[in-house]
Amino acid sequence: MPHPIQHSAHLLGIAGLTPEQVLPYLDLAESYALLSRSRTPPRDVLRGKTVINLFFEDSTRTRTSFELAGKRLGADVVNMTVATSSVNKGETLLDTASTLNAMRCDLLVIRHAQSGAPALLAQKVEASVVNAGDGMHEHPTQALLDALTIRRHFGRFEGLEVAICGDIAHSRVARSDILLLRLLGARIRLAGPPTLLPSAFGKMAGVTIHRDMDEAVTGADVVMCLRVQRERMGAGLIPSTREYFALFGLDQRRLGLARDHAIVMHPGPMNRGVEIASEVADSRQSVISEQVEMGVAVRMAVLDRLSRSRRNHHA
């Protein structure tokens, strides 16, 4: 009989979490960011522990970030990708879970095209499971690193105006960011083409829908651009990259409508000239490189806290 999910032992999403559960991740990640900059990470935190990165989708950036995080804490890190696994030979997710369980790993990081795959694995394995992105559901560690980056610049969330622009409908990053930043007190503005921006989001407290990009960024403290996936054009959801940029791309003129202290964010990888102009991506207001740096620190914090939670649970 599968054991019930112990939420403190897994990070499957932002939904259902409280500020009291989220803030310790940010506080610990802040300390790890400082330690990483001084090149003195505590390599004994996860010594003797095994972290498996199980990626059913390509994501060099996220996988590398988790790999660095595990190694900086002293863990043994194993990367498993679909291209070299038995999954291509017809093995099911539950077969994979059984195999991983037999390996006695401690922490399992999974990215999967199917929403809910990490939650299913969490019911079937003894390891702590971290969702590194599942379908169109969530990407919780991206939301945490975005929140940490914002807090480092403003020192707060309460009252901040955050504009999230682009393909909201298909973005697990947007979903997790909306949930987390609202939870911490920010107000969210969503902007994008009608085909990529479900009106249902506008029913959430603290969220407003904008069909006009200029309106969305005017007076914003944070402007976050989301990557437009090329397959959306093939599906007819946007007419062309040139028209998309004209209507919803972040250029210097549009950024000028935001607050003078506004920061520019992007979860990467960027399509320059589609959702964001190079002059903006490389500007002094851009914190895109800092997001990458905070990503490693946040993932160190997540692996650390889940490992401790798992230890306490089994004690």
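Contact here means heavy atoms within 4.5 Å. With that in hand, welcome to the views below, which show a predicted model.

**View 1. The whole protein, with 12 helices and nine strands.**
Start with the overall picture. Along the principal axes, the C-alpha atoms fill a box of roughly 55 × 45 × 35 Å. A compact globule of 315 residues would have a radius of gyration near 20 Å, and the 19 Å of this protein agrees with that. Of the 315 residues, 53% are buried. Among contacts with a separation of 6 or more, 74% join residues 24 or more positions apart.

**View 2. Helix α5 packing with helix α6.**
Here residues 140–154 form α5 and residues 172–183 form α6. Their axes lie 8 Å apart and make an angle of about 50°, so the two helices are oblique to each other. The crossing is right-handed. Which residues of α5 and α6 meet? On the α5 side they are Pro140, Gln142, Ala143, Leu144, Asp146, Ala147 and Ile150, and on the α6 side Val173, Ser176, Asp177, Leu180 and Leu181. Sorted by class, this contact of α5 with α6 has eight nonpolar, two polar and two charged residues.

**View 3. Helix α1 crossing helix α5.**
Now follow α5 to another partner, α1, which spans residues 19–37. The axes of α1 and α5 come within 10 Å and cross at roughly 70°. Because angles of 65 to 115 degrees count as roughly perpendicular, α1 is described as roughly perpendicular to α5. From α1, the contact takes in Val22, Leu23, Tyr25, Leu26, Asp27, Ala29, Glu30, Ala33 and Arg37; from α5, Leu144, Ala147, Leu148, Arg151 and Arg152. By class, the contact of α1 with α5 has nine nonpolar, no polar and five charged residues. Look for Leu144 and Ala147 of α5 here; Leu144 and Ala147 also meet α6 in View 2.

**View 4. Arginine 63 in helix α2.**
The last close-up turns to a single residue. Arginine 63 sits in α2, which covers residues 60–72. Its relative accessibility is 23%, so arginine 63 counts as partly exposed. What does arginine 63 contact, leaving aside its neighbours within four places in sequence? Its partners are Asn53, Phe55, Asn79 and Thr81. For a sense of distance, glutamate 20 is 43 residues from arginine 63 in sequence and 27 Å from it in space, C-alpha to C-alpha.

Technical notes. Residues are numbered from 1 along each chain as its sequence is written. This is a predicted model: local features need pLDDT of at least 70, side-chain atom pairs count only at pLDDT 80 or more; totals for chains, interfaces and linings use all residues. Side-chain values use heavy atoms; hydrogens and water are left out. Axes are lines fitted to C-alpha atoms, for helices over the stretch in contact, and angles run from 0 to 180 degrees between N-to-C directions. Helices (H or I, at least four residues) and strands (E, at least two) are DSSP runs, numbered from the N terminus. Angles under 35 degrees count as roughly parallel, over 145 as roughly antiparallel, 65 to 115 as roughly perpendicular and the rest as oblique. A crossing is left-handed if the near helix is turned anticlockwise from the far one by less than a right angle, and right-handed if clockwise. Ala, Val, Leu, Ile, Met, Phe, Trp, Tyr, Cys and Pro count as nonpolar, Asp, Glu, Lys and Arg as charged, and the others, Gly among them, as polar. The radius of gyration is taken over C-alpha atoms; the globule rule is 2.2 Å times the number of residues to the power 0.38. Buried means under 20% relative accessible area, exposed over 50%, partly exposed in between (1.4 Å probe, protein chains only).
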